[in-house]
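These are my notebook entries on a single structure. I set down what I looked up, entry by entry.

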Amino acid sequence: MQILIDELNEGLWVAAIQKDSFKRRRLVGLEIDPYEEEIRSGSVYWARVIRIDKNLDAALVQLDEDNTGILHNKDFYKLDKNGAYIRDGNTAIGKNLKEGDMLAVQAKSGYLPKIDGTDLTMEDKSARVSMNITLPGRYIIYAPLMGSNRISKRIKDKKQRKQLTKMLNNVETLQGCILRAAAMNTQTDVLMREGEILKHIWEELQEYLGGEEPFLVMDGPDSIRRTLSDQASVQISRIDVSTLDQYKEVEEWCEIYAPDLVTKIHPAELPKGMSGQESDLALFDFHDILDQVDDLFDPYVLMNGGGNIIIQETAALTAIDINRSSDTRSNLAINLDALTEIGRQIRLRNLGGIIMIDFLKMTKKAEKEKLLAAFDDVINADPCTVQVHGYTPLGLIELTRQRRTPPLQERLDLALD
(Lines give C-alpha, C1' and ligand atoms only; values in the text may rest on other atoms or scores of the structure.)
Protein backbone atom coordinates (compact mmCIF):
# COMPACT_ATOMS: atom_id res chain seq x y z
CA MET A 1 0.00 0.00 0.00
CA GLN A 2 1.07 3.55 -0.72
CA ILE A 3 -0.11 6.66 1.15
CA LEU A 4 -0.39 10.01 -0.64
CA ILE A 5 -0.66 13.24 1.36
CA ASP A 6 -1.53 16.41 -0.53
CA GLU A 7 -3.13 19.80 -0.05
CA LEU A 8 -5.79 21.65 -2.04
CA ASN A 9 -6.97 25.18 -1.25
CA GLU A 10 -8.23 24.91 2.33
CA GLY A 11 -8.16 21.15 2.75
CA LEU A 12 -5.83 18.30 3.69
CA TRP A 13 -6.19 15.26 1.41
CA VAL A 14 -4.90 11.77 2.24
CA ALA A 15 -5.33 8.76 -0.04
CA ALA A 16 -4.40 5.10 0.32
CA ILE A 17 -3.82 3.22 -2.93
CA GLN A 18 -3.19 -0.45 -3.55
CA LYS A 19 -2.78 -2.68 -6.59
CA ASP A 20 -5.67 -5.08 -7.26
CA SER A 21 -5.57 -8.53 -8.88
CA PHE A 22 -5.34 -6.84 -12.30
CA LYS A 23 -2.28 -4.80 -11.15
CA ARG A 24 -4.31 -1.61 -11.30
CA ARG A 25 -3.69 1.13 -8.75
CA ARG A 26 -6.95 1.36 -6.85
CA LEU A 27 -8.10 3.93 -4.33
CA VAL A 28 -8.88 2.06 -1.08
CA GLY A 29 -8.90 4.96 1.38
CA LEU A 30 -9.67 8.67 1.17
CA GLU A 31 -9.78 11.25 3.95
CA ILE A 32 -10.37 14.98 3.45
CA ASP A 33 -10.10 17.54 6.24
CA PRO A 34 -11.48 20.99 5.36
CA TYR A 35 -9.53 23.54 7.38
CA GLU A 36 -12.84 25.25 8.22
CA GLU A 37 -14.11 22.17 10.05
CA GLU A 38 -15.49 23.49 13.33
CA ILE A 39 -15.44 20.27 15.38
CA ARG A 40 -13.25 17.29 14.61
CA SER A 41 -14.18 13.83 15.84
CA GLY A 42 -11.96 12.84 18.76
CA SER A 43 -11.38 16.41 20.00
CA VAL A 44 -11.41 16.86 23.78
CA TYR A 45 -13.13 19.88 25.37
CA TRP A 46 -13.51 21.36 28.82
CA ALA A 47 -17.23 22.10 28.50
CA ARG A 48 -20.02 23.88 30.39
CA VAL A 49 -23.57 22.59 30.73
CA ILE A 50 -25.91 25.28 29.39
CA ARG A 51 -29.22 23.41 29.26
CA ILE A 52 -30.86 20.13 30.23
CA ASP A 53 -33.34 18.73 27.70
CA LYS A 54 -35.73 16.38 29.53
CA ASN A 55 -37.36 15.16 26.32
CA LEU A 56 -34.04 13.99 24.87
CA ASP A 57 -32.64 13.07 28.32
CA ALA A 58 -29.55 14.97 27.28
CA ALA A 59 -27.45 17.99 28.22
CA LEU A 60 -26.49 20.75 25.79
CA VAL A 61 -22.90 21.77 26.52
CA GLN A 62 -20.83 24.76 25.40
CA LEU A 63 -17.58 23.49 23.86
CA ASP A 64 -15.91 26.78 22.96
CA GLU A 65 -16.92 30.30 21.94
CA ASP A 66 -18.76 29.14 18.81
CA ASN A 67 -19.80 25.50 19.19
CA THR A 68 -22.07 23.34 21.30
CA GLY A 69 -22.34 19.61 21.81
CA ILE A 70 -25.09 17.27 22.91
CA LEU A 71 -24.37 14.81 25.72
CA HIS A 72 -26.93 12.01 25.84
CA ASN A 73 -27.53 10.16 29.09
CA LYS A 74 -25.93 6.98 27.70
CA ASP A 75 -22.68 8.96 27.28
CA PHE A 76 -22.69 10.38 30.82
CA TYR A 77 -20.30 8.85 33.38
CA LYS A 78 -20.06 9.45 37.11
CA LEU A 79 -17.82 8.28 39.94
CA ASP A 80 -19.16 5.49 42.14
CA LYS A 81 -18.30 4.96 45.81
CA ASN A 82 -15.20 2.97 44.82
CA GLY A 83 -13.81 5.79 42.68
CA ALA A 84 -14.58 4.08 39.36
CA TYR A 85 -16.43 5.77 36.51
CA ILE A 86 -19.77 4.16 35.67
CA ARG A 87 -22.74 4.84 33.41
CA ASP A 88 -26.05 5.47 35.14
CA GLY A 89 -28.58 5.29 32.35
CA ASN A 90 -31.47 4.52 34.70
CA THR A 91 -31.29 7.98 36.31
CA ALA A 92 -32.32 11.02 34.27
CA ILE A 93 -29.32 13.12 33.29
CA GLY A 94 -30.94 16.14 34.95
CA LYS A 95 -30.52 14.39 38.32
CA ASN A 96 -26.74 14.23 37.81
CA LEU A 97 -26.01 17.47 35.94
CA LYS A 98 -27.22 21.04 36.23
CA GLU A 99 -26.69 24.26 34.32
CA GLY A 100 -23.21 25.67 34.90
CA ASP A 101 -21.48 22.35 35.64
CA MET A 102 -18.06 21.92 34.02
CA LEU A 103 -16.91 18.58 32.63
CA ALA A 104 -14.50 17.00 30.15
CA VAL A 105 -16.08 15.60 26.98
CA GLN A 106 -14.90 14.22 23.66
CA ALA A 107 -16.53 14.81 20.29
CA LYS A 108 -17.69 11.49 18.84
CA SER A 109 -18.79 13.05 15.56
CA GLY A 110 -17.43 15.87 13.42
CA TYR A 111 -19.26 19.07 12.57
CA LEU A 112 -18.94 21.25 9.47
CA PRO A 113 -20.36 24.76 9.01
CA LYS A 114 -23.87 24.61 7.58
CA ILE A 115 -25.39 26.72 4.82
CA ASP A 116 -26.75 30.03 6.11
CA GLY A 117 -30.48 29.99 6.60
CA THR A 118 -30.74 26.23 7.15
CA ASP A 119 -33.29 25.42 9.86
CA LEU A 120 -31.50 22.99 12.17
CA THR A 121 -32.66 21.20 15.31
CA MET A 122 -30.47 21.09 18.41
CA GLU A 123 -29.30 17.59 17.46
CA ASP A 124 -28.43 18.67 13.90
CA LYS A 125 -26.35 21.69 14.89
CA SER A 126 -24.56 20.09 17.86
CA ALA A 127 -21.87 17.43 17.69
CA ARG A 128 -22.46 14.27 19.72
CA VAL A 129 -20.11 14.21 22.71
CA SER A 130 -19.28 11.68 25.41
CA MET A 131 -17.54 11.71 28.76
CA ASN A 132 -15.90 8.40 27.79
CA ILE A 133 -12.67 9.90 26.43
CA THR A 134 -10.52 7.55 24.35
CA LEU A 135 -7.04 8.09 22.89
CA PRO A 136 -6.25 6.08 19.74
CA GLY A 137 -2.81 4.74 18.94
CA ARG A 138 -1.68 2.37 16.22
CA TYR A 139 -2.51 -0.89 18.02
CA ILE A 140 -4.27 0.28 21.17
CA ILE A 141 -7.15 2.57 22.07
CA TYR A 142 -6.61 3.90 25.58
CA ALA A 143 -9.90 4.27 27.47
CA PRO A 144 -9.03 5.43 31.02
CA LEU A 145 -12.64 5.56 32.22
CA MET A 146 -13.13 1.92 31.23
CA GLY A 147 -10.71 0.58 33.86
CA SER A 148 -10.55 -2.98 32.53
CA ASN A 149 -9.16 -4.24 29.21
CA ARG A 150 -11.04 -5.32 26.09
CA ILE A 151 -10.28 -7.04 22.82
CA SER A 152 -11.66 -5.70 19.53
CA LYS A 153 -14.79 -7.50 18.38
CA ARG A 154 -13.14 -7.80 14.98
CA ILE A 155 -10.91 -10.53 16.42
CA LYS A 156 -13.24 -13.51 16.09
CA ASP A 157 -11.03 -16.48 17.01
CA LYS A 158 -11.99 -17.51 20.58
CA LYS A 159 -8.59 -19.07 21.36
CA GLN A 160 -6.77 -15.96 20.16
CA ARG A 161 -9.10 -13.68 22.14
CA LYS A 162 -8.41 -15.72 25.27
CA GLN A 163 -4.64 -15.51 24.75
CA LEU A 164 -4.71 -11.77 24.11
CA THR A 165 -6.92 -11.15 27.14
CA LYS A 166 -4.53 -13.12 29.35
CA MET A 167 -1.56 -11.20 27.96
CA LEU A 168 -3.23 -7.81 28.59
CA ASN A 169 -4.30 -8.67 32.11
CA ASN A 170 -0.78 -9.84 33.00
CA VAL A 171 0.74 -6.47 32.10
CA GLU A 172 0.04 -3.95 34.86
CA THR A 173 0.80 -0.96 32.66
CA LEU A 174 -1.89 -1.96 30.14
CA GLN A 175 -5.08 -1.13 31.99
CA GLY A 176 -8.08 0.54 30.38
CA CYS A 177 -6.95 -0.52 26.91
CA ILE A 178 -8.85 -1.76 23.88
CA LEU A 179 -6.64 -3.96 21.73
CA ARG A 180 -7.26 -3.26 18.04
CA ALA A 181 -7.44 -6.00 15.42
CA ALA A 182 -4.14 -4.79 13.94
CA ALA A 183 -2.41 -5.85 17.16
CA MET A 184 -3.06 -9.58 16.72
CA ASN A 185 0.52 -10.47 15.79
CA THR A 186 2.27 -7.60 17.57
CA GLN A 187 4.92 -8.21 20.22
CA THR A 188 4.02 -7.49 23.83
CA ASP A 189 6.82 -4.95 24.32
CA VAL A 190 5.49 -2.88 21.39
CA LEU A 191 2.03 -2.83 22.97
CA MET A 192 3.48 -1.94 26.37
CA ARG A 193 5.41 0.96 24.85
CA GLU A 194 2.33 2.33 23.08
CA GLY A 195 0.20 1.88 26.19
CA GLU A 196 2.68 3.89 28.24
CA ILE A 197 2.73 6.67 25.62
CA LEU A 198 -1.07 6.95 25.57
CA LYS A 199 -1.24 6.85 29.37
CA HIS A 200 1.29 9.69 29.55
CA ILE A 201 -0.76 11.75 27.05
CA TRP A 202 -3.86 11.22 29.22
CA GLU A 203 -2.01 12.33 32.36
CA GLU A 204 -0.77 15.48 30.63
CA LEU A 205 -4.22 16.20 29.22
CA GLN A 206 -5.80 16.11 32.69
CA GLU A 207 -3.58 18.99 33.81
CA TYR A 208 -5.54 21.28 31.47
CA LEU A 209 -8.99 20.21 32.69
CA GLY A 210 -10.20 23.04 34.89
CA GLY A 211 -11.43 26.60 35.02
CA GLU A 212 -14.77 28.31 34.54
CA GLU A 213 -14.61 28.82 30.78
CA PRO A 214 -15.11 26.14 28.10
CA PHE A 215 -12.32 25.58 25.57
CA LEU A 216 -10.70 23.09 23.19
CA VAL A 217 -8.14 21.03 25.12
CA MET A 218 -6.88 18.72 22.36
CA ASP A 219 -7.71 18.37 18.67
CA GLY A 220 -8.83 15.00 17.38
CA PRO A 221 -6.84 12.96 14.83
CA ASP A 222 -6.59 14.61 11.40
CA SER A 223 -6.67 12.86 8.01
CA ILE A 224 -3.02 11.87 8.27
CA ARG A 225 -3.27 10.27 11.70
CA ARG A 226 -6.61 8.58 10.94
CA THR A 227 -5.26 7.01 7.75
CA LEU A 228 -1.98 5.78 9.26
CA SER A 229 -3.86 4.35 12.22
CA ASP A 230 -6.60 2.75 10.10
CA GLN A 231 -4.05 1.04 7.85
CA ALA A 232 -1.99 -0.38 10.72
CA SER A 233 -2.71 -3.97 9.70
CA VAL A 234 -1.61 -3.40 6.08
CA GLN A 235 1.98 -3.35 4.86
CA ILE A 236 2.75 0.23 3.81
CA SER A 237 5.50 0.45 1.20
CA ARG A 238 5.73 4.22 0.81
CA ILE A 239 4.33 7.49 2.17
CA ASP A 240 4.57 10.45 -0.23
CA VAL A 241 4.11 13.92 1.28
CA SER A 242 3.70 17.15 -0.67
CA THR A 243 4.61 19.83 1.92
CA LEU A 244 7.23 20.26 4.62
CA ASP A 245 4.65 20.80 7.40
CA GLN A 246 2.90 17.55 6.52
CA TYR A 247 6.23 15.75 6.28
CA LYS A 248 7.11 16.81 9.83
CA GLU A 249 3.71 15.72 11.14
CA VAL A 250 3.97 12.27 9.52
CA GLU A 251 7.53 11.83 10.76
CA GLU A 252 6.58 12.82 14.31
CA TRP A 253 3.60 10.41 14.42
CA CYS A 254 5.63 7.54 12.99
CA GLU A 255 8.54 8.11 15.40
CA ILE A 256 6.09 7.73 18.28
CA TYR A 257 3.72 5.00 17.07
CA ALA A 258 5.30 3.38 14.00
CA PRO A 259 9.12 3.58 13.94
CA ASP A 260 9.15 0.97 11.16
CA LEU A 261 7.48 3.48 8.83
CA VAL A 262 9.94 6.36 9.29
CA THR A 263 12.14 5.18 6.40
CA LYS A 264 9.05 4.91 4.17
CA ILE A 265 8.34 8.67 4.28
CA HIS A 266 9.40 10.60 1.17
CA PRO A 267 8.95 14.16 -0.13
CA ALA A 268 6.75 14.01 -3.21
CA GLU A 269 8.80 13.56 -6.37
CA LEU A 270 6.91 15.03 -9.31
CA PRO A 271 7.96 15.40 -12.95
CA LYS A 272 9.41 18.75 -13.93
CA GLY A 273 6.60 21.24 -14.44
CA MET A 274 4.17 19.57 -12.01
CA SER A 275 5.71 20.72 -8.73
CA GLY A 276 4.04 23.65 -7.02
CA GLN A 277 0.63 22.78 -8.46
CA GLU A 278 -1.02 22.34 -5.07
CA SER A 279 -4.25 23.83 -6.36
CA ASP A 280 -4.46 20.99 -8.88
CA LEU A 281 -3.61 18.18 -6.44
CA ALA A 282 -0.46 17.46 -8.43
CA LEU A 283 0.47 14.43 -6.32
CA PHE A 284 -2.94 12.82 -6.83
CA ASP A 285 -2.83 13.74 -10.51
CA PHE A 286 0.62 12.21 -10.97
CA HIS A 287 -0.57 8.92 -9.48
CA ASP A 288 -3.65 8.99 -11.73
CA ILE A 289 -6.32 8.72 -9.03
CA LEU A 290 -8.27 11.95 -9.55
CA ASP A 291 -10.66 10.17 -11.91
CA GLN A 292 -11.30 7.60 -9.19
CA VAL A 293 -12.14 10.42 -6.78
CA ASP A 294 -14.56 11.90 -9.35
CA ASP A 295 -16.22 8.48 -9.73
CA LEU A 296 -17.22 8.54 -6.07
CA PHE A 297 -19.87 11.13 -6.89
CA ASP A 298 -21.44 9.02 -9.64
CA PRO A 299 -24.41 6.81 -8.63
CA TYR A 300 -23.26 4.09 -11.07
CA VAL A 301 -20.32 1.79 -10.38
CA LEU A 302 -19.19 -0.63 -13.10
CA MET A 303 -17.95 -4.11 -12.14
CA ASN A 304 -15.29 -6.09 -13.99
CA GLY A 305 -17.68 -8.79 -15.25
CA GLY A 306 -20.07 -6.33 -16.88
CA GLY A 307 -22.56 -5.83 -14.04
CA ASN A 308 -23.10 -2.56 -12.22
CA ILE A 309 -24.01 -1.17 -8.84
CA ILE A 310 -26.37 1.76 -8.29
CA ILE A 311 -25.98 3.82 -5.10
CA GLN A 312 -28.73 6.26 -4.15
CA GLU A 313 -28.52 8.37 -0.98
CA THR A 314 -31.70 9.73 0.61
CA ALA A 315 -32.35 11.61 3.83
CA ALA A 316 -33.51 8.42 5.57
CA LEU A 317 -31.18 5.75 4.17
CA THR A 318 -28.85 4.68 1.37
CA ALA A 319 -30.20 2.20 -1.19
CA ILE A 320 -27.79 0.02 -3.17
CA ASP A 321 -28.90 -2.12 -6.10
CA ILE A 322 -26.93 -4.74 -8.06
CA ASN A 323 -27.65 -5.33 -11.77
CA ARG A 324 -26.40 -8.26 -13.84
CA SER A 325 -26.23 -6.47 -17.23
CA SER A 326 -23.93 -8.52 -19.49
CA ASP A 327 -22.36 -10.58 -16.68
CA THR A 328 -23.00 -14.30 -17.33
CA ARG A 329 -21.76 -15.71 -14.03
CA SER A 330 -23.99 -17.14 -11.30
CA ASN A 331 -25.94 -14.78 -9.06
CA LEU A 332 -23.81 -15.78 -6.08
CA ALA A 333 -20.54 -15.04 -7.90
CA ILE A 334 -21.80 -11.63 -9.02
CA ASN A 335 -23.10 -10.84 -5.53
CA LEU A 336 -19.78 -11.71 -3.90
CA ASP A 337 -17.87 -9.48 -6.33
CA ALA A 338 -20.42 -6.72 -5.81
CA LEU A 339 -20.08 -6.99 -2.04
CA THR A 340 -16.33 -6.35 -2.20
CA GLU A 341 -16.89 -3.24 -4.31
CA ILE A 342 -19.81 -2.09 -2.14
CA GLY A 343 -17.60 -2.27 0.95
CA ARG A 344 -15.00 -0.13 -0.83
CA GLN A 345 -17.60 2.40 -1.96
CA ILE A 346 -19.14 2.67 1.52
CA ARG A 347 -15.73 3.44 3.02
CA LEU A 348 -14.62 5.90 0.34
CA ARG A 349 -17.94 7.76 0.16
CA ASN A 350 -18.17 7.61 3.97
CA LEU A 351 -21.80 6.48 3.90
CA GLY A 352 -23.54 6.27 7.27
CA GLY A 353 -26.81 5.37 8.93
CA ILE A 354 -29.09 2.74 7.41
CA ILE A 355 -27.87 1.03 4.23
CA MET A 356 -30.18 -1.33 2.31
CA ILE A 357 -28.65 -3.63 -0.33
CA ASP A 358 -30.72 -5.40 -2.99
CA PHE A 359 -28.53 -8.28 -4.20
CA LEU A 360 -29.40 -10.55 -7.12
CA LYS A 361 -31.97 -13.15 -6.05
CA MET A 362 -30.65 -16.39 -4.61
CA THR A 363 -32.96 -19.30 -3.73
CA LYS A 364 -30.53 -21.64 -1.96
CA LYS A 365 -30.09 -21.16 1.78
CA ALA A 366 -26.40 -22.10 1.58
CA GLU A 367 -25.77 -19.31 -0.95
CA LYS A 368 -27.51 -16.75 1.24
CA GLU A 369 -25.48 -17.81 4.25
CA LYS A 370 -22.25 -17.64 2.24
CA LEU A 371 -23.05 -14.07 1.20
CA LEU A 372 -23.77 -13.05 4.78
CA ALA A 373 -20.53 -14.67 5.98
CA ALA A 374 -18.60 -12.66 3.36
CA PHE A 375 -19.63 -9.47 5.16
CA ASP A 376 -16.93 -10.19 7.77
CA ASP A 377 -14.27 -9.02 5.31
CA VAL A 378 -16.24 -5.83 4.63
CA ILE A 379 -16.55 -5.08 8.35
CA ASN A 380 -12.90 -5.84 9.12
CA ALA A 381 -11.70 -3.51 6.34
CA ASP A 382 -13.81 -0.61 7.65
CA PRO A 383 -12.43 1.61 10.43
CA CYS A 384 -15.97 2.60 11.42
CA THR A 385 -18.49 0.47 13.29
CA VAL A 386 -20.60 -1.57 10.86
CA GLN A 387 -23.43 -3.86 11.95
CA VAL A 388 -25.08 -6.34 9.58
CA HIS A 389 -28.71 -6.95 10.56
CA GLY A 390 -29.35 -9.71 8.02
CA TYR A 391 -32.12 -10.23 5.50
CA THR A 392 -35.34 -8.22 5.68
CA PRO A 393 -38.71 -9.87 4.92
CA LEU A 394 -38.39 -8.46 1.38
CA GLY A 395 -35.03 -10.17 0.85
CA LEU A 396 -32.84 -7.07 1.19
CA ILE A 397 -29.76 -7.03 3.43
CA GLU A 398 -29.78 -4.24 6.00
CA LEU A 399 -26.73 -2.81 7.70
CA THR A 400 -25.89 0.29 9.68
CA ARG A 401 -22.63 2.24 9.78
CA GLN A 402 -21.60 4.79 12.38
CA ARG A 403 -19.21 7.19 10.70
CA ARG A 404 -16.69 9.39 12.50
CA THR A 405 -16.77 12.33 10.11
CA PRO A 406 -19.39 14.00 7.88
CA PRO A 407 -20.02 12.44 4.42
CA LEU A 408 -17.37 12.80 1.71
CA GLN A 409 -19.58 15.11 -0.36
CA GLU A 410 -19.98 17.61 2.49
CA ARG A 411 -16.27 17.56 3.33
CA LEU A 412 -15.31 18.01 -0.32
CA ASP A 413 -17.76 20.87 -0.83
CA LEU A 414 -16.25 22.76 2.10
CA ALA A 415 -12.66 21.96 1.12
CA LEU A 416 -13.27 23.32 -2.39
CA ASP A 417 -15.32 26.32 -1.27
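Helices and strands in these notes are DSSP runs, at least four residues for a helix and at least two for a strand, numbered from the N terminus. I worked throughout on a predicted model.

**Entry 1. Lys108**

I began by locating Lys108, which lies in the loop between strand S9 (102-107) and strand S10 (127-130). I then listed its contacts, leaving aside neighbours within four places in sequence: Ser41, Arg128, Val129, Ser130, Asn132, Thr134 and Arg404. I also looked up Lys108 against Gln409; the two are 301 residues apart in sequence, and their C-alpha atoms are 20 Å apart in space.

**Entry 2. Aromatic pairs**

How many aromatic pairs does the structure hold? I found 3. I recorded the geometry of the pair Trp13 and Phe284: the ring centres are 6.0 Å apart and the planes stand at 85°, so I entered the pair as edge-to-face, the cut-off being over 60 degrees. This pair links distant parts of the chain, with Trp13 in strand S2 (residues 11-19) and Phe284 in helix H6 (residues 282-286), 271 residues apart. Are these two residues buried or exposed? Trp13 has a relative accessible area of 3% and is buried. Phe284 is at 0% relative accessibility and counts as buried.

I next took Phe359 and Phe375. Their ring centres lie 6.3 Å apart with the planes at 90°, so this pair is edge-to-face. Phe359 is in the loop between strand S21 (353-358) and helix H9 (365-373), while Phe375 is in helix H10 (residues 375-380). The separation along the chain is 16 residues, and the pair links distant parts of the chain. Both Phe359 and Phe375 are buried.

I also noted a charge over a ring: the charged end of Lys368 sits over the ring of Tyr391, 5.9 Å from the ring centre.

**Entry 3. Val14**

I looked up Val14, which is also placed in strand S2. At 1% relative accessibility, Val14 counts as buried. Not counting residues up to four places away in sequence, Val14 touches Ile3, Leu4, Ile5, Gly29, Leu30, Glu31, Ser223, Ile224, Thr227 and Phe284. I checked one distance from Val14: Arg226 is 212 residues away along the chain, and the C-alpha atoms of the two are separated by 9.4 Å.

**Entry 4. Helix H8 and its surroundings**

I compared the span of helix H8 (residues 331-349) with expectation. At 1.5 Å a residue its 19 residues should span 27 Å, and the end C-alpha atoms are 26 Å apart, which agrees. Of the 19 residues of H8, 14 are buried, so I describe the helix as largely enclosed by the rest of the structure. Just after H8, Asn350 takes a positive phi of about 60°.

On the other side I looked up Asp327, in the loop between strand S20 (317-323) and H8. Asp327 counts as buried at 3% relative accessibility. Its contacts, apart from neighbours within four places in sequence, are Gly305, Gly306, Gly307 and Ile334.

**Entry 5. Helices H3 and H5**

At what angle do helix H3 and helix H5 pack? I recorded about 120° for H3 (residues 188-206) and H5 (residues 244-257), with the axes 9 Å apart. The two helices are therefore oblique to each other. Arg193, Glu194, Ile197, Leu198 and Ile201 of H3 meet Glu255, Ile256 and Tyr257 of H5.

I then looked up Thr186, in the loop between strand S14 (177-179) and H3. Thr186 has a relative accessible area of 17% and is buried, the limit being under 20%. Its contacts, residues up to four places away in sequence not counted, are Tyr139 and Leu191.

**Entry 6. Positive phi values**

I looked for backbone angles of note, since most residues other than glycine have a negative phi. Asp57 has a phi near 50°, a positive value in a residue other than glycine. Asp57 lies in the loop between strand S4 (44-53) and strand S5 (58-62), and at 25% relative accessibility Asp57 counts as partly exposed.

Asp288 has a positive phi of about 60° although it is not a glycine. Asp288 is found in the loop between H6 and helix H7 (290-295). At 56% relative accessibility, Asp288 counts as exposed.

Note on methods
Residues are numbered from 1 along each chain as its sequence is written. This is a predicted model: local features need pLDDT of at least 70, side-chain atom pairs count only at pLDDT 80 or more; totals for chains, interfaces and linings use all residues. Side-chain values use heavy atoms; hydrogens and water are left out. Rings of Phe, Tyr and Trp (its six-membered ring) pair if their centres lie within 6.5 Å; planes under 30 degrees apart count as stacked, over 60 as edge-to-face and the rest as tilted. Buried means under 20% relative accessible area, exposed over 50%, partly exposed in between (1.4 Å probe, protein chains only). A charge sits over a ring if NZ of Lys or CZ of Arg is within 6 Å of the ring centre and within 35 degrees of the ring normal. The expected span of a helix is 1.5 Å times one less than its number of residues. Axes are lines fitted to C-alpha atoms, for helices over the stretch in contact, and angles run from 0 to 180 degrees between N-to-C directions. Angles under 35 degrees count as roughly parallel, over 145 as roughly antiparallel, 65 to 115 as roughly perpendicular and the rest as oblique. Contact means heavy atoms within 4.5 Å.
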